Structures are given as C-alpha cells and as structure tokens.
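Here are some exercises to work through with the model open beside you. Try each task before you read its solution.

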Amino acid sequence: MNLDKLLRNNIRNLKPYSSARDEFSGEAMVFLDANENPFNAPYNRYPDPLQRELKDKIAVIKKCKAKQIFLGNGSDEPIDLLFRAFCEPGNDNIVSIDPTYGMYQVAADINNIEVRKIKLKEDYSFSAKELLDAADEKTKLAFVCSPNNPTANLMDKAEMLQLIENFNGLVVVDEAYIDFAPGASLLAELDKYPNLVILQTFSKAWGMAGIRLGMAFASPEIIRIFNKIKYPYNINILTQKKALELVQQEADKNAWVELLISERSKLVELLKAFPFVVKIYPSDANFLLVKMYDARGIYDYLVENGIIVRDRSKVLLCDDSLRITVGSPEENEILIEKLNELI
C-alpha cells in the first residue's frame, strides 16, 4: 500500500508543531524549557505528548508494539484524524455499513466528506463485495464496527478480511465492544495488513468512560501521521495517571466482563417472557437491541420511573427497538421489576 499516495497534500507537506516535551523527554534536575509554573507539582508540568509509559503497558496487554498505538480523547479523536489526514474535503468519500455508530457520519460531515452507506442484511451481517462495489478512486476509508452499534453483532471475519485485502484505502475496524464478543480481535492481523486501523476504547470493558481515552492500532507509519497532526498534549496528565493505575487491574476488568456476559444471558431470558417483546437480537456486546410493541411508550414509561435506555426506533432496520445496556445485577433487577408492572 502506498500510504503517501493516500495522504492529503497539505498533510504530506505539513511541518508539525514541536513542543518542549517533544524535544526533550526523560528526567532532569531543573526544567526551564516550557515556560511552566515551577509550583504545584506534578500538575504544573506538561504531560508526555506521546504517553510512552502508558503505551508500554498497553502493548503488553494487547500483545502488540508500542509504536503501533495511538491514544486519543476517546475513539472520536482518531476517527476525526483519519478524515483530516486522508480525505480531501469536498472531493473524497468513504464507505460504511448502515446502521452503525453515528460519529463516522458526524466526522465526515464536519470534514465535508461524502459517506456512501451500504445497508446491512436483515440479520445485520454485511457484504464486503457491496462495500467494495460502492468504492471508487476517491474512496479513502471504509468503516466497519464489530461488534456493531446499535445492532450488537460481531461481523464475519472472512468478510472483513476480504474487505481489507481488496480495498485500496484504509479499513477502519471499530472494536469498542470486542471484549464482550466470542470472536478474537483483529489485532493479531495488524502486521499482515498495512491498510488496517483498529479502534478500541477504555470506555466499555475497562469502565473508564469518564476519563475519555480511546486507542487506535495501526502500522507505525499511520501512527506517525496521527502524531504529526494531533494537538500536542491531547491526553492530559490526570487521564494518563488514572489509566496507568487501572491497566494494572486487568483481573478486575476480566471479572466485570465475565459478570456482564452472564447478566446479558439472564436479561435475555427474562425479557423473552414479556408479551410486548417481539424479538431480542443476538448480542456480542454489553447491550441488547430489543424489538417491542409500542417501543416509544415503554421508553417513556421507563424514563418516568428513572430508568434510561435508548430509543433506536428511528434508526434504519431498528424499527420499534430499544437499546438496553446490560447493567449491574441490581440495576437489571430494577428494570425487570418495572417492566413487570406493565403486565
């Protein structure tokens, strides 16, 4: 893959901003290079712009190289960077499955990029051929969310590999929910495919949505481009410190995932008993998509009783459906109790 050919001309020629912490990293007795206030340590110092210590820890957990990792302000930052680096506004386009995570469309709209959407099949699977057929010489990115949001299903690996092997741009596989899925991440394929970008997050399985930390995994060449155009100190020192603390508690994360998968199964069986539940779609994520009679009425009823779910009824292929996150055992029990009151 000729990555240089995919890049926008202005990004190829860009001279990146060089911060004080880019020019020197490590320990010293006195720091007088960044115009920092000498008081209120350690928060007076700019954070490591490349988050080196944190990336080293993540690389061990994810079984990849630190130079293959980009850390962003949520996964939304690398999504936006992909558009800013590779898509010429008003000229290029992307292909994406539909329905899927809404930020791909928002990032495309902000960057004035056409989105060519390929409707999922009735079982929510996708066709690599249809995505490839929709692409042309100006198609720079292909987005596949797996497990997908809001449909909750893991996409077929053979179809994803077919897309990666035959697409002339970058294939972005969003694995935000991969910890809850029976299939393995595509991270093991990273060295084989230079056009593959994988997105993951600390928001779901790791329980860190509040610190806003997303991960992108790609070839070192793509990671260098991200680092070239990102804001210098995109991950603050508080986020880095908290993430360093929590990544050392992987056993807790694994226990949470195991419990949530178990609760997901229980919730499916309990929801099946309600007469207003039409269908519960198979889930490989930490949520369920549930088709119901009078979905909006049930949504409003739950809101009135202090229980918030998502009404996805206006989303393509999700008519009359609520998206219900799998909560703690106590939260799930409250949900079922309130739904029982409707019978």
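**Exercise 1.** Which residues line the largest cavity?

*Solution.* Keep in mind that this is a predicted model. Start with the count: the structure holds 1 cavity of 30 Å³ or more. Next comes its volume, about 30 Å³. Now look at the walls, which are lined by W206, L246, Q249, D252, K253 and W256. Finally, sort this lining by element: α11 provides the largest share, 3 residues.

**Exercise 2.** Find the residues that touch the most other members of the largest nonpolar core, then follow the contacts of F126.

*Solution.* The core has 47 residues, and F126, L163 and F217 touch the most other members. Helix α8, residues 157–166, gives the most to this core, with 4 residues. Leaving aside neighbours within four places in sequence, F126 is in contact with I97, L120, L131, V144, M155, D156, E159, M160 and L163. Another core, of 31 residues, lies apart from the one just described; Y104, A108, V172 and I225 are among its members.

**Exercise 3.** Work out how the buried residues of α13 are arranged, and what they pack against.

*Solution.* First, take the helix itself: α13 spans residues 329–340, and its 12 residues reach 16 Å from the first C-alpha to the last, close to the 16 Å expected at 1.5 Å a residue. Second, pick out its buried residues, under 20% relative accessible area: N332, L335, I336 and L339. Third, look down the axis of α13: the buried residues fall within an arc of 95 degrees, so they line one face of the helix. Last, find their partners: the buried residues of α13 pack against α11 (250–272), α12 (295–304) and β11 (321–325).

Key
Residues numbered from 1 in each chain as written. Predicted model: local features only at pLDDT ≥ 70, side-chain atom pairs only at ≥ 80, totals over all residues. Heavy atoms only, no water. Core = buried A, V, L, I, M, F, W, Y, C linked by side-chain atoms within 4.5 Å. Buried < 20%, exposed > 50% of the residue type's maximum accessible area, 1.4 Å probe, protein only. Helix = DSSP H or I, 4+ residues; strand = E, 2+ residues; numbered from the N terminus. Contact = heavy atoms within 4.5 Å. Expected span 1.5 Å × (residues − 1). Arc of directions from axis to C-beta. 1 Å grid on protein atoms, 1.4 Å probe; cavity = no way out; pocket = protein on both sides within 12 Å on 5 of 7 lines; lining within 4 Å. Points joined across faces, edges and corners; volume = space filled by probe spheres on them.
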